[in-house]
Amino acid sequence: MTAATPPPAAIPNRLNGAIVAAQLLAVAACVWAAARVESGWALAGLALGFVTLRSTCDPEKQRVRRSQPDEPVTEKPARSR
């Protein structure tokens, strides 16, 4: 007998905003440092850090499934201007 997994908890808005701000500052620091490094290895390390940061910022990977397990996942319609 397997127990159903509970839905993921929502991240509070202030915490989410703080995480986004920290990620943006880290990306800006990577770009700033990349303009000033002289070693190829340091640049490679910065590139690896930038890729890691970018993969955590990707909204497609962070999408939360809000439907029940038996219901199809539907996209929200785009808002028109």
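How much area does the protein expose, and what share of it do carbon and sulfur atoms supply? The protein exposes about 7700 Å², and carbon and sulfur atoms supply 62% of that area (Shrake-Rupley method, 1.4 Å probe; for residues, only the protein chains shown count as cover). This is a predicted model, in which local features need pLDDT of at least 70 and side-chain atom pairs count only at pLDDT 80 or more, while totals for chains, interfaces and linings use all residues. Residues are numbered from 1 along each chain as its sequence is written, and side-chain values use heavy atoms, with hydrogens and water left out.

**View 1. Overall secondary structure and burial.** The protein has 2 helices and 0 strands (DSSP runs numbered from the N terminus: helices are H or I of at least four residues, strands E of at least two). Of its 81 residues, 7% count as buried (under 20% relative accessible area; exposed is over 50%, partly exposed in between; 1.4 Å probe, protein chains only).

**View 2. Helix α1, its length and two faces.** The 22 residues of α1 should span 32 Å at 1.5 Å a residue, and the end C-alpha atoms are 31 Å apart, which agrees (expected span: 1.5 Å times one less than the number of residues). Buried residues of α1 are Q23, C30 and A33. Down the helix axis they fall within an arc of 95°, so they line one face of α1 (arc of the directions from the axis to the C-beta atoms). The face turned away from this buried side carries exposed N13, R14, L24, L25, V31 and W32.

**View 3. Residue I11.** I11 lies in the segment before α1 (13-34). Its relative accessible area is 46%, so I11 is partly exposed.
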